[in-house]
Amino acid sequence: MCHESVKKVELELQLIGAALRSIADEMGAVLIRSAFSANIKERRDCSTALFDRAGRMIAQAEHIPVHLGALPDAVAAVLEHGPAPDDVFVLNDPFAGGTHLPDITLVTRTSAGFAVSRAHHADVGAREPGSLPADSRRLDEEGVVIPPTRLDDTTLESLVSRMRNPDERRGDLRAQLAAHRLAARRLDELCARHGAGRVESAMDELFAYSERLVRAAISRLPDGRFAAADTLEPADGGELELRAAVTVSGDEIEIDFAGTAPQHEGNLNCPLAVTRSACYFVVRCLTDPDVPASGGAFVPVHVHAPEGCLVNACAPAAVAAGNVETSSRIVDVVFAAFGHALDVQAQGQGTMNNLTLGNERFTYYETVGGGQGACPAADGPSGVHVAMSNTLSTPAEALELSYPIRVERHALLLGSGGRGRHRGGDGVIRELRVLEACRVSLVGERRLTAPAGARGGEPGLPGRNLLNGAELPAKVTRELAAGDVVRVETPGGGGFGPVLNGH
């Protein structure tokens, strides 16, 4: 092939790749702008992606890390059912392609593969409003369990009738459907412009390109085996240990969780898909963060965990907190293992600080940002969502307009970041007053153990939960009366390097 022909092929590949990423981004924009709940339209707790006919992820919008690395399992689960061209599949079962029950996934066929969306719904019918109970012990206590199911109008109505605020649930699901219709239309246009065969060939090359870039970056890491351990804080007290051993060999990485605690009676368990997602996030951060976001970037990373352990739980284990809290700790422990060979940042807040409020009339869910750990060259940012979360904070105006809740205070918790040559980011104070009787569920971590500093840096302050000034546990569900104030103080990030000159 002559030089000009090669350049033309390369240019077309770039154009098709950019178009695919643009379609995934536009799917996300349609979903967010069409959604009814504050959790999706304000906090943007949703993700969108495109897959090829073989079920490989080709393009994704840069949304929620814990969603995106787990989406291939959802597509694989749907493929087992032989989806027809006009089928819409819905699922949330963590043991059949999902993460935790509030994350509802839709999968549809397109002219070049599949479109996928995942959105965190503010309620899916659990015994506690918001479907994130602090004390659940079985999956069916956390809401409606949806195995891969063909979605039609009858099924949709049956599902939302078992959830609180069915109008809002219906609206959010229809917003997801609108995103899928957009994806189908845009892919039809792309195939008409370039030809279906060229688009599918470009998908193959984009997948392979991401794999090549990540393999090249891994090959620059030092070979060896590096191990670390960390703990979680279960609702019934004590500790649950996570152990991770990272082996770097040539252009591949193996991450093994042998020695991690068995799955427990609470809800900090997580399916293997969530564990993989957290591991992929860490490897991407340490290798090539700007690599085109496709499943090819995951191919050189192999994740192993004993069946029935905390990070590879078996049905019918409760998993509500595993997706949000255990995933955050997996990130911490895998970074710590790599820290024996590389300079990695100090620990961030290590929690999503999950807060749900609601009754039979309304449900509201949010996560609260905190401090990020300092890195070798800079202080950690303050008041941000760390690691596996990438959401926004609900604006006070939107929150107070839509719910019987008043924002009393939303501010940085100054001085909560760990000291060091570079200081950890500060956590956040979030105070909400409820204006009618409801229930609150709080699910957080890093209340007993502080986020650690790195290379001599000091730890950040741990977080706190309070109700009307009285201390609450890290994980708790309570009845609230009108006028009660819930206060969440989120952890600060650890500092990096020893303190210099007393600063």
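## How helix 5 meets helix 6

Let's start with a pair of helices: helix 5 passes helix 6 in a right-handed crossing. Keep in mind as you look around that this is a predicted model.

Two packed helices are described by the angle between their axes and the distance between the axes. Here, helix 5 covers residues 153-160 and helix 6 covers residues 166-194. Their axes come within 9 Å and cross at roughly 140°. Angles over 145 degrees would count as roughly antiparallel, so this crossing makes helix 5 oblique to helix 6.

Who does the touching? On the helix 5 side you'll find L156, E157 and V160. They meet P166, R169, R170, L173, R174 and L177 of helix 6. Sorted by class, this contact has five nonpolar and four charged residues, with no polar ones.

## On to helix 7

Helix 6 has another partner in helix 7, which runs over residues 196-219. This time the axes come within 6 Å, and the crossing angle is roughly 110°. Angles of 65 to 115 degrees count as roughly perpendicular, and that is therefore how helix 6 and helix 7 stand to each other.

From helix 6, the contact uses L190, C191 and H194, while helix 7 brings A196, R198 and V199. The mix here is four nonpolar residues, one polar and one charged.

## The nonpolar cores

Now for the inside. The largest nonpolar core is built from 68 residues. Those with the most contacts inside it are I253, I255, F257, I330, V334 and F338. Helix 9, spanning residues 320-338, supplies the largest share of this core, with 10 residues.

V334 is a good one to zoom in on. Setting aside residues up to four places away in sequence, V334 touches A244, V246, I255, F257, C279 and V282. Apart from this core lies another, of 28 residues, including A19, L50, A112 and A202.

## A stop at E458

Last on the tour is E458, which sits in the loop between strand 15 (438-443) and strand 16 (464-467). Is E458 buried or partly exposed? With a relative accessible area of 31%, E458 is partly exposed, since buried would mean under 20% and exposed over 50%.

E458 still has plenty to look at around it. Not counting neighbours within four places in sequence, E458 is in contact with G418, R419, G453, G494, G495 and V499. For a sense of where that is, compare I330 from the largest core: E458 and I330 are 128 residues apart along the chain, and their C-alpha atoms are separated by 21 Å.

Conventions. Residues numbered from 1 in each chain as written. Predicted model: local features only at pLDDT ≥ 70, side-chain atom pairs only at ≥ 80, totals over all residues. Heavy atoms only, no water. Core = buried A, V, L, I, M, F, W, Y, C linked by side-chain atoms within 4.5 Å. Buried < 20%, exposed > 50% of the residue type's maximum accessible area, 1.4 Å probe, protein only. Helix = DSSP H or I, 4+ residues; strand = E, 2+ residues; numbered from the N terminus. Contact = heavy atoms within 4.5 Å. Axes fitted to C-alpha atoms, helices over the stretch in contact; angles between N-to-C directions. Parallel < 35°, antiparallel > 145°, perpendicular 65-115°, else oblique. Left-handed = near helix turned anticlockwise from the far one by under 90°. Nonpolar A, V, L, I, M, F, W, Y, C, P; charged D, E, K, R; others polar.
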